[in-house]
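Student: Could we walk through this model together, one feature at a time?
Tutor: Gladly! Let's put it on the screen and begin.

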Amino acid sequence: MALFKGAGVALVTPMHEDGTVNFEVLEAIIEDQIAGGTDAIISVGTTGEAATLTVEEHLEVIRHTIKAVNHRIPVIAGTGSNCTRSALYTSKCAEEAGADGLLLVTPYYNKATQKGLYQHFKTIAESVSIPSILYNVPGRTGMSIEAKTMAALYHDVKNIIGVKDASGDVGKTLDLMRLVDEDFCLYSGEDGLILPLLAAGSLGVISVLSNVAPKETHDICAKWFAGDVEGSRKEQLRAMPLIRALFSEVNPIPVKAAMNLQGKKVGPLRLPLTEMEKEHLDSLKEEMIRYGILK
């Protein structure tokens with residue numbers, strides 16, 4: 001069973017100037033997302049700076065998000081780790097806090113074999129009762145979940161329901177879709193490939209763009225599902241220059257800069273991430289103005 005259909009936001013984690021988590025702003029941007037039509041909140045993934053939060057902060061952001069959303073839309077907790085035991089702990093805590101599902105990234109740095117990946121994800125997913133979405137992002141983790149491995153996990157583990165696909169390889173995505181059934185939940189992990197993956201059978205996107213343009217990102221998916229393929233195509237193409245600007249530096253550097261430009265006061269990044277270079281920031285401003293999300 002799908003956790004959501006449409007555009008889920010990979011939400012940033014707001015910070016005070018001293019680098020502590022800003023829970024007041026977190027609540028405000030959650031309200032903005034729900035008002036903008038976002039279909040799900042993904043808490044503390046890559047965009048949420050999971051890699052630089054302590055375990056306690058990580059879990060507190062998840063708990064606070066679940067409380068603020070209050071069952072209005074699904075909350076999917078990013079609980080993956082390169083350590084299976086760590087992922088087990090955070091996944092169980094997220095379930096206890098009331099998360100609707102989990103997002104489990106491939107175990108970066110360890111670069112496990114496909115057998116290791118299978119055992120890693122199976123062990124974590126079977127430790128909880130809520131659904132798990134695997135996260136395939138080889139550009140950041142240095143490894144990929146092969147189609148056969150993903151299909152085996154889907155067929156063998158009842159609460160592994162699909163994948164956030166940020167591989168950037170549509171051919172491999174199509175290989176995967178041949179090996180699964182119609183209940184498999186494919187989500188684009190790249191804003192620039194929402195439309196192609198909708199054509200491949202995806203249920204939508206887990207999006208960075210949604211942080212600054214929730215309605216527009218939602219509409220790319222909603223128009224497709226309503227049968228307005230041309231409208232969806234136009235929305236995707238219109239967004240492409242802004243999407244490129246949002247990835248001109250490593251995520252979430254540009255999207256946090258964009259939200260601060262919008263007055264959302266999400267604050268700074270934690271090292272080793274640093275503020276955006278002026279050249280890229282100027283281009284980002286231009287694209288936000290062109291797109292109509294900044295005056």
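Student: At roughly what angle do the axes of H2 and helix H3 cross?
Tutor: A word first: this is a predicted model. Helix H3 covers residues 84-97, and its axis comes within 10 Å of the axis of H2. The two axes cross at roughly 25°.

Student: Is H2 roughly parallel or roughly antiparallel to H3?
Tutor: Angles under 35 degrees count as roughly parallel, and those over 145 as roughly antiparallel. The crossing angle here is roughly 25°. H2 is therefore, with respect to H3, roughly parallel.

Student: Which residues of H3 make the contact with H2?
Tutor: Start from the H2 side, where Val55, Leu59, Ile62, Arg63 and Ile66 take part. By class, the residues of this contact are eight nonpolar, one polar and one charged. On the H3 side the contact is made by Tyr89, Thr90, Cys93, Ala94 and Ala97.

Student: How are H10 and H12 oriented to each other, and why?
Tutor: Helix H10 spans residues 229-246 and helix H12 spans residues 278-291, with their axes 8 Å apart. They pack at an angle of about 160°, and angles over 145 degrees count as roughly antiparallel. So the relation of H10 to H12 is roughly antiparallel.

Student: How many charged residues are in the contact of H10 with H12?
Tutor: H10 brings Glu235, Arg238, Ala239, Pro241, Leu242, Ala245 and Leu246, while H12 brings Leu284, Glu287, Met288, Arg290 and Tyr291. Sorted by class, the contact has eight nonpolar residues and no polar ones. The number of charged residues is four.

Student: Is the crossing of H10 and H12 left-handed or right-handed?
Tutor: It helps to set this beside the other pair, as H2 and H3 cross in the right-handed sense. Where H10 passes H12, the crossing is left-handed.

Student: Which residue of E8 stands opposite Ala7?
Tutor: Strand E1 (residues 6-10) and strand E8 (residues 204-207) run parallel and are joined by four bridges. Within E8, the residue opposite Ala7 is Val205.

Student: And which residue of E8 stands opposite Tyr187?
Tutor: Here we turn to strand E7, residues 185-188, which pairs with E8 in the parallel sense over two bridges. The residue of E8 opposite Tyr187 is Gly204.

Student: Is Glu49 buried or exposed?
Tutor: Glu49 is found in the loop between strand E2 (40-43) and helix H2 (55-69). Its phi is near 60°, a positive value in a residue other than glycine. With a relative accessible area of 4%, against a cut-off of under 20%, Glu49 is buried.

Student: What is the relative accessibility of Thr47?
Tutor: Thr47 also belongs to the loop between E2 and H2. Beyond its neighbours within four places in sequence, Thr47 is in contact with Ala10, Leu11, Val12, Thr13, Val208, Asn211, Asn251, Pro252 and Val255. Thr47 counts as buried, its relative accessibility being 3%.

Student: Near what value is omega for the peptide bond from Asn251 to Pro252?
Tutor: Pro252, one of the residues in contact with Thr47, lies in the loop between H10 and helix H11 (253-261). The peptide bond leading to Pro252 from Asn251 is cis, with omega near 10°.

Student: Where does Pro272 lie?
Tutor: The peptide bond from Leu271 to Pro272 is cis, with omega near 20°. As for its place, Pro272 lies in the loop between H11 and H12.

Notes: Residues numbered from 1 in each chain as written. Predicted model: local features only at pLDDT ≥ 70, side-chain atom pairs only at ≥ 80, totals over all residues. Heavy atoms only, no water. Axes fitted to C-alpha atoms, helices over the stretch in contact; angles between N-to-C directions. Parallel < 35°, antiparallel > 145°, perpendicular 65-115°, else oblique. Left-handed = near helix turned anticlockwise from the far one by under 90°. Contact = heavy atoms within 4.5 Å. Nonpolar A, V, L, I, M, F, W, Y, C, P; charged D, E, K, R; others polar. Buried < 20%, exposed > 50% of the residue type's maximum accessible area, 1.4 Å probe, protein only. Pairing = 2+ DSSP bridges.
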